[in-house]
Amino acid sequence: MGFWHNVESECEYKGISRKELASAANFSVHTISNGIKRNGMPAADIALRISRALEVPLEKLLGENSQEISSIESSISTEEDIEIKKNLFYKYYPLIQRLETLPPDTTQAVYTIIEKL
């Protein structure tokens with residue numbers, strides 16, 4: 001997933017329109033629309049302003065997951081455990097990302113179902 005896809009997903013999740021995002025990040029809706037249309041990498045200042053406006057780490061919008069992997073590795077001890085956790089992370093991370101795009105009430109219902117399993 002690219003930067004703009006992640007921005008769109010985050011906006012949908014938070015119920016924020018492109019216009020609201022543009023206003024919060026202090027630039028035009030045209031900038032967002034062009035970015036999504038072209039699906040290119042934005043300038044660093046625009047990416048940072050979008051990240052701050054959405055209140056999410058820039059790494060999340062960029063699709064980088066090295067931070068999550070480092071966090072997993074620091075909480076386990078053996079090389080075998082690290083490999084198992086990495087495999088689980090890569091297996092379930094796309095599912096978690098999709099879950100985060102659902103409306104909050106649907107997300108809560110899914111969490112409840114999972115807890116009951």
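Which residues are exposed on the other side of α2? Keep that question in mind while you select helix α2, residues 18–25, in this model, which is a predicted one.

**Stop 1: helix α2**

Begin with the buried residues of this helix, which are Leu21, Ala22 and Ala25. They lie on the same side of α2, because the arc that they cover around the axis is only 100°. As background, an α-helix has 3.6 residues a turn, so residues three or four places apart point the same way. Now turn the helix around and colour Lys19, Ser23 and Ala24, for these are the exposed residues on the other side of α2, and they settle the opening question.

Next, show the neighbouring helices α1 (3–14), α3 (29–38) and α4 (44–54), since the buried residues of α2 pack against these three elements. Before you leave, step just past the end of α2 to Asn26, where the backbone takes a positive phi of about 65°.

**Stop 2: the nonpolar core**

Select Val7, Ile50 and Leu54, which are the residues with the most contacts inside the largest nonpolar core, a group of 16 residues. The elements that give two or more residues to this core are α1, α2, α3 and α4.

Centre the view on Leu54 and display what surrounds it: leaving aside residues up to four places away in sequence, Leu54 touches Val7, Glu10, Cys11, Lys14, Ile16, Leu21 and Leu61. Leu21 in that list is one of the buried residues that you met in α2.

**Stop 3: pairs of opposite charge**

Side chains of opposite charge can pair when their charged atoms come close. In this model the count comes to 5 salt bridges, and three of them are visited here.

Select Glu8 and Arg18, whose closest N and O atoms are 2.9 Å apart in a salt bridge. Glu8 belongs to helix α1 and Arg18 to helix α2, so this pair ties together parts that are 10 residues apart in sequence. Glu8 counts as partly exposed because its relative accessibility is 27%, and Arg18 is also partly exposed, with a relative accessible area of 35%.

Then move along α1 to Lys14 and Glu10, which form a salt bridge with their closest N and O atoms 3.8 Å apart. These two residues are separated by about one helical turn, because they stand 4 residues apart in helix α1. Is Glu10 buried or exposed? With a relative accessible area of 8%, Glu10 is buried, whereas Lys14 is partly exposed at 33%.

For the third pair, go to helix α4 and select Asp45 and Arg49, whose side chains meet in a salt bridge of 3.7 Å, N to O. Here too the partners are 4 residues apart in their helix, so about one helical turn separates them. Asp45 is partly exposed, with a relative accessible area of 46%, and Arg49 is partly exposed as well, at 29%. Elsewhere, salt bridges that share partners join Glu10, Lys14, Lys60 and Glu100 into one network, so select these four together.

**Stop 4: a nonpolar patch on the surface**

Finish by switching on the surface and selecting Ile84, Leu88, Tyr92, Leu95 and Ile96, which make a nonpolar surface patch of about 440 Å². Leu95 has its place in helix α7, residues 79–100, and it counts as partly exposed because its relative accessibility is 46%.

Notes
Residues numbered from 1 in each chain as written. Predicted model: local features only at pLDDT ≥ 70, side-chain atom pairs only at ≥ 80, totals over all residues. Heavy atoms only, no water. Patch = residues over 30% accessible without salt bridge, like charges linked within 9 Å, V, L, I, M, F, W, Y side chains within 5 Å. Areas by Shrake-Rupley, 256 points an atom, 1.4 Å probe, with all protein chains shown as cover. Buried < 20%, exposed > 50% of the residue type's maximum accessible area, 1.4 Å probe, protein only. Arc of directions from axis to C-beta. Contact = heavy atoms within 4.5 Å. Core = buried A, V, L, I, M, F, W, Y, C linked by side-chain atoms within 4.5 Å.
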